[in-house]
Amino acid sequence: MLVVQLRYNFRVYPTPGQQIELARAFGCARVVFNDGLRLRQSARENGLPYVSDAELSRRVITEAKKTEVRAWLGEVSSVVLQQALADLNTAYRNFFASVSGMRKGRKVAPPRFRSRKDNRQAIRFTKNSRFRVLDDGRLRLPKIGDLSVRWSRTLPSDPSSVAIIRDAAGRYFASFVVQATDEALPPVECEVGIDLGLTHFAVLSDGTKVAAPRFLRRAARKLRKLQKSLSRKAKGSNNRKKAVVNLARAHARVADTRRDWQHKLSTIIVRDNQAIYVEDLCVAGLGRTRLAKSVHDAGWASFTGMLEYKAARYRRVFGRVDRFFPSTRMCSDCGRINDKMALNVRAWDCPCGSHHDRDINAAINVLAAGQADNGNDRGAQVRPASVPAPRCEAVTHPDAPRSARSVEGISAL
Ligand SMILES: [Zn+2]
């Protein structure tokens, strides 16, 4: 049995008094994080050994509380402070692993200082902080109080931790991490390859083309307008401040809607297919080219992440196919690798006589390559231990603009 970590996010509504307490906790967590970072940096500059996790905790929490300048750290839950240091330690470990080449993917930067101006403020409570969901549905947090939560679904089991987040739009969320066992779905015959394209959000090897929904394209246009209107406002003016909040709100709404749509699409694909293969896009690399805008708008990384953990959860096979594999120009009938094609070539003919739709052909190739990689070793692609909870799992903000249309572009499903 697999254990997967799922994240459930809910909107919370702290009272003005609780907002003050939360601001204090965000501030203390930030100070501890920054103190820890400063201590390690200065040790390094002075040629001293790396300060261990335990030593760091002793100095920037336990000892610091006894000093006059940091006495106020005692006003917040010590778990919040420890978790802030845990974040710092993780950031360091990721950085070291990246530098030494043990961590794949794009390079991880060294930890940076946190600022009160950061768009996202967060604190985390673990089990031993004794946070708890009360019978009346409120969330009890030590030294904060009982927060009212808009529950949009029930938690499948006892949460192991909860993070409280304040986003750029000034909204508060509780993000619970829940351990769940996988829920194997009945096996099905179909397997699918997915080509993530620029003309369509995704093209499946069965010929289905999924367009980015119109409501998202409209929202993107509206965002650009707000962005423009912001750039026309004088720096430091009240109108500019208002425009900044408006833009942050609009961004948050679009992100919620996109996530909602991607959840529906990924659930359908995982439900209907025994194996799912996608091209391993180096989204970080692509993002720096002129394709950046469409790539980020499309949000493929979060989508393939959803496919991956849902596949693990429902006991499906998920695989990423090498991104250097020429999926577009290889004929899926004869295997011949043809000349490079311009982006505007949507269909082509292979000398073998096959006529191909560019994207469907690519998706079929992705499926074939995925199946070949996987060989007979079914399930090899499913990670045996745990699939980390993606940061944005299972968000169902009750106030997110909900689309009545299900998944646009795949009406057949
Ligand atoms: Zn051919």
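The exercises below work through a predicted model, beginning with confidence and moving on to a sheet and a nonpolar core.

**Exercise 1. Establish how confident the predictor is along the chain, and find where pLDDT stays under 50.**

Solution. Begin with the chain as a whole, which averages a pLDDT of 82, with 84% of the residues scoring at least 70. Then look for the weak stretch: over residues 376-413 the pLDDT stays under 50, although the model has 73 contacts beyond four places in sequence for these residues.

**Exercise 2. Work out the strand order of the open sheet of five strands, and explain why one side of β10 and of β12 is left without a neighbour.**

Solution. Step one is to start from strand β8 (residues 191-195), of whose five residues four are buried. On one side, β8 pairs with strand β11 (residues 275-279) in the parallel sense over four bridges, and here Gly-193 stands opposite Tyr-277.

Step two is to follow the antiparallel pairings, in which β8 is joined to strand β9 (residues 202-204) by two bridges, with Asp-195 opposite Val-203. Strand β9 is in turn joined to β10 by two bridges, also antiparallel, and Val-203 stands opposite Lys-209 in β10.

Step three is to assemble the order, which reads β10-β9-β8-β11-β12 with mixed pairing. Because β10 (209-210) and β12 (317-321) stand at the edges and each has a single partner strand, one side of each lacks a neighbour in the sheet.

Step four is to add the helix: α9 (residues 358-374) packs on the sheet, where it touches β8, β9, β11 and β12, and its direction makes about 125° with that of β8.

**Exercise 3. Determine which residues touch the most other members of the largest nonpolar core, and which helix gives the most to this core.**

Solution. The core has 73 residues, and those that touch the most other members are Ala-29, Val-32, Val-80, Leu-81, Ile-194 and Ile-276. Helix α1 (residues 16-45) gives the most, with eight residues. The core also draws at least three residues from each of domain 1 (3-181) and domain 2 (191-374).

**Exercise 4. List the residues in contact with Ile-276, leaving aside its neighbours within four places in sequence.**

Solution. Recall first that Ile-276 is one of the core residues that touch the most other members. With those sequence neighbours set aside, Ile-276 is in contact with Val-192 and Ile-194, with Ile-269 and Val-270, and with Leu-307, Ala-311, Arg-316 and Phe-318. Of these partners, Ile-194 is likewise among the core residues that touch the most other members.

Notes:
Residues numbered from 1 in each chain as written. Predicted model: local features only at pLDDT ≥ 70, side-chain atom pairs only at ≥ 80, totals over all residues. Core = buried A, V, L, I, M, F, W, Y, C linked by C-beta atoms within 7 Å. Buried ≥ 20, exposed ≤ 12 C-beta atoms within 10 Å, placed from the backbone. Domains from an automatic or database assignment. Contact = placed C-beta atoms within 7 Å. Pairing = 2+ DSSP bridges. Axes fitted to C-alpha atoms, helices over the stretch in contact; angles between N-to-C directions. pLDDT = per-residue confidence, 0-100.
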